[in-house]
Amino acid sequence: MSVPVEQQIISAMKCIMGEDGTTIGQKRVQQLAENTRYFRRRLMEMGFIIYGNSDSPVVPLMLYMPAKIGAFGREMLKRNIGVVVVGFPATPIIESRARICISAAHTREMLDSALKVFDEVGDLLQLKYSRHQLVPLLDRPFDETTYEETED
């Protein structure tokens, strides 16, 4: 590892741990977590199947069918959304996916704009495979985490 890269890592870790005398790092980590939960939740509500750890800002959206890999990438790019599509041999043949990377720098408006495009392209290419429906829990105060999965 080069010295400039090492210094960048050290500086970033000091910022995250608050050793730089600010709370900027803590706020960014918190914003990233909020953005990640919101984006994953909304995709699942739309009917997409999402893999990976629920706290991970790398969101694997399952495409499944190899023929839809290129179509999804092209349709998203037409709408100015960059996604990384992955298929065989990087994944098993029927586990093609798109990987979306969420950032602390994304605003709620940016996420909502992207989600609108995902919804549109998901309908166009028939990518909403989930049989689980997310419904609000009514026995506690509502917030964006107040949902449960139901089998229909």
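The exercises below concern a predicted model and treat its nonpolar core, its aromatic pairs and one arginine.

**Exercise 1. The nonpolar core**

Task: Determine how many residues the largest nonpolar core has and which elements supply them.

Solution:
- Step 1. The largest nonpolar core has 26 residues.
- Step 2. At least two residues of this core come from each of H2, strand E1 (58-64), helix H3 (67-78), strand E3 (96-101) and helix H4 (108-124).
- Step 3. H4 gives the largest share of the core, 6 residues.
- Step 4. The residues with the most contacts inside the core are Phe39, Leu43, Phe72 and Phe118.
- Step 5. For background, nonpolar side chains in soluble globular proteins tend to be buried together.

**Exercise 2. The aromatic pairs**

Task: Classify the pair of phenylalanine 39 and phenylalanine 118 by its geometry, and state where in the chain its members sit.

Solution:
- Step 1. The structure holds 3 aromatic pairs.
- Step 2. In the pair of phenylalanine 39 and phenylalanine 118, the planes are 85 degrees apart and the centres 5.8 Å apart.
- Step 3. Planes over 60 degrees apart count as edge-to-face, and this pair is therefore edge-to-face.
- Step 4. Phenylalanine 39 is in helix H2 and phenylalanine 118 in helix H4, 79 residues apart, and the pair links distant parts of the chain.

Task: Do likewise for phenylalanine 72 and phenylalanine 118, then state whether the three phenylalanines are buried or exposed.

Solution:
- Step 1. The ring centres of phenylalanine 72 and phenylalanine 118 are 6.1 Å apart and the planes are at 45 degrees, so this pair is tilted.
- Step 2. This pair also links distant parts of the chain, with phenylalanine 72 in helix H3 and phenylalanine 118 in helix H4, 46 residues apart.
- Step 3. Buried means under 20% relative accessible area. Phenylalanine 39 counts as buried because its relative accessibility is 2%; phenylalanine 118, at 1%, counts as buried; phenylalanine 72, at 0%, is buried.
- Step 4. Ring pairs link Phe39, Phe72 and Phe118 into a cluster.
- Step 5. Beyond four places in sequence, phenylalanine 72 has contacts that include Leu63, Val83, Ala98, Phe118 and Leu127.

**Exercise 3. Arginine 40**

Task: Establish which side chain of opposite charge is nearest to arginine 40, and what surrounds this residue.

Solution:
- Step 1. Arginine 40 is found in helix H2 (residues 24-46).
- Step 2. Arginine 40 is buried, and its nearest side chain of opposite charge is aspartate 55, 7.3 Å away.
- Step 3. A salt bridge needs a separation within 4 Å; arginine 40 has none.
- Step 4. A polar atom of the arginine 40 side chain lies 3.1 Å from the backbone oxygen of serine 56.
- Step 5. Not counting residues up to four places away in sequence, arginine 40 touches Ile50, Tyr51, Gly52, Asn53, Ser54, Ser56, Val58, Val59 and Pro60.

Technical notes
Residues are numbered from 1 along each chain as its sequence is written. This is a predicted model: local features need pLDDT of at least 70, side-chain atom pairs count only at pLDDT 80 or more; totals for chains, interfaces and linings use all residues. Side-chain values use heavy atoms; hydrogens and water are left out. Helices (H or I, at least four residues) and strands (E, at least two) are DSSP runs, numbered from the N terminus. Buried means under 20% relative accessible area, exposed over 50%, partly exposed in between (1.4 Å probe, protein chains only). Lys and Arg count as positive and Asp and Glu as negative; His and the chain ends are not counted. A polar contact is a pair of N or O atoms within 3.5 Å; within protein, one must be able to donate a hydrogen and the other to accept it, and residues adjacent in sequence count only if both atoms are side-chain atoms. Contact means heavy atoms within 4.5 Å. A nonpolar core is a set of buried Ala, Val, Leu, Ile, Met, Phe, Trp, Tyr and Cys residues joined through side-chain atoms within 4.5 Å. Rings of Phe, Tyr and Trp (its six-membered ring) pair if their centres lie within 6.5 Å; planes under 30 degrees apart count as stacked, over 60 as edge-to-face and the rest as tilted.
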